[in-house]
Amino acid sequence: EYKIIIEKYDEKLEELGFVDYDDLLVEFNQTLGPDPKEDQHRHDARQFGYLLVDEVQDTNNLQYEIIKKLSARLCVIGDPLQSIYGFRGASPDIFRQFKVD
């Protein structure tokens with residue numbers, strides 16, 4: 001049942017030439033490339049100088065990959081006990097992963 005709804009949603013997006021938020025994230029991540037250590041990524045990160053991520057506990061794995069690719073100097077703010085977007089793949093474990101990475 002849900003599969004039919006998702007298929008129709010995707011068909012309509014394609015028909016209209018639209019993308020949704022998740023598609024934008026995927027496309028942006030692909031634009032950045034697969035390896036955050038490539039020269040282009042270091043250049044992109046230097047363009048921003050600093051990257052501030054608020055409510056980092058609400059990021060998902062894809063958003064985390066983008067953040068890692070853009071971060072020359074990174075500041076994250078959040079509370080892993082207040083993660084509310086689990087239905088979109090957010091996890092407080094991502095917050096903790098910043099310390100490891």
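Me: Buried means under 20% relative accessible area. Which residues of H4 are buried?

Reply: This is a predicted model. In its helix H4, the buried residues are Gln63, Tyr64, Ile66, Ile67, Lys69 and Leu70. Each of them is called buried because its relative accessible area falls under 20%. Across the protein chain, buried residues make up 29% of the 101 residues.

Me: Why is Glu65 in H4 called partly exposed?

Reply: Glu65 has a relative accessible area of 32%. Buried would need a value under 20% and exposed a value over 50%, so Glu65 counts as partly exposed. Lys68, at 30% relative accessibility, is partly exposed for the same kind of reason.

Me: What makes the pair Glu65 and Lys68 a salt bridge?

Reply: The side chains of Glu65 and Lys68 come to 3.4 Å, N to O. The rule asks for a side-chain nitrogen of Lys or Arg within 4 Å of a carboxyl oxygen of Asp or Glu, so the pair qualifies as a salt bridge. Both residues lie in helix H4, three residues apart, about one turn of the helix. In general, an α-helix has 3.6 residues a turn, so residues three or four places apart point the same way.

Me: How many salt bridges are there by this rule?

Reply: There are three. Another of them joins Glu15 and Lys12, whose closest N and O atoms are 3.2 Å apart. That is within 4 Å, so the name fits. Glu15 and Lys12 are separated by about one helical turn, because they are three residues apart in helix H1. Glu15, at 59% relative accessibility, counts as exposed, whereas Lys12, at 43%, is partly exposed.

Me: What makes the bond between Asp22 and Arg88 a salt bridge, and which parts of the chain does the pair link?

Reply: The closest N and O atoms of Asp22 and Arg88 are 2.8 Å apart, and the limit is 4 Å, so this is a salt bridge. The pair links distant parts of the chain: Asp22 is in helix H2, and Arg88 is in the loop between strand E2 (74-77) and helix H5 (92-100), 66 residues apart. Asp22 counts as partly exposed at 37% relative accessibility, and Arg88 counts as partly exposed at 37% too.

Me: Why is Asn29 called buried?

Reply: Asn29, found in helix H2 (residues 21-32), has 14% relative accessibility. The cut-off for buried is under 20%, so Asn29 counts as buried.

Me: What is Asn29 in contact with, leaving aside its neighbours within four places in sequence?

Reply: Its contacts are Leu62, Glu65, Ile66 and Lys69. Asn29 and Ile66 are 37 residues apart in sequence, yet their C-alpha atoms are 5.8 Å apart in space. The side chain of Asn29 also makes a polar contact with the side chain of Lys69, at 2.9 Å. The limit for a polar contact is 3.5 Å between N or O atoms, so 2.9 Å falls within that limit.

Me: How do you know which residue caps the N-terminal end of H4?

Reply: A side-chain oxygen of Asn60 lies 3.1 Å from the backbone nitrogen of Leu62, and Asn60 caps that end.

Me: Which residues form the nonpolar patch on the surface, and is Ile5 buried or exposed?

Reply: The patch is formed by Tyr2, Ile5 and Ile6, with about 370 Å² of accessible area together. Ile5 lies in helix H1 (residues 2-16). At 51% relative accessibility, Ile5 is over the 50% limit and therefore counts as exposed.

Me: What is unusual enough to note about the phi of Glu55?

Reply: Glu55 has a positive phi of about 60°, although it is not a glycine. Glu55 is found in the loop between strand E1 (51-54) and helix H4 (61-70). At 37% relative accessibility, Glu55 counts as partly exposed.

Me: Which element of the chain has the lowest mean pLDDT?

Reply: Helix H3 (residues 39-48) has the lowest, at 57, and H1 has the highest, at 93. Where pLDDT is low, the predicted coordinates should not be read in detail. For the protein chain the mean pLDDT is 82, and 85% of its residues reach 70 or more.

Me: What pattern does the chain follow along the sequence?

Reply: The pattern is α-α-α-β-α-β-α, which comes to five helices and two strands.

Technical notes
Residues numbered from 1 in each chain as written. Predicted model: local features only at pLDDT ≥ 70, side-chain atom pairs only at ≥ 80, totals over all residues. Heavy atoms only, no water. Patch = residues over 30% accessible without salt bridge, like charges linked within 9 Å, V, L, I, M, F, W, Y side chains within 5 Å. Areas by Shrake-Rupley, 256 points an atom, 1.4 Å probe, with all protein chains shown as cover. Helix = DSSP H or I, 4+ residues; strand = E, 2+ residues; numbered from the N terminus. Buried < 20%, exposed > 50% of the residue type's maximum accessible area, 1.4 Å probe, protein only. Contact = heavy atoms within 4.5 Å. Polar contact = N/O pair within 3.5 Å; in protein donor to acceptor, adjacent residues only side chain to side chain. pLDDT = per-residue confidence, 0-100.
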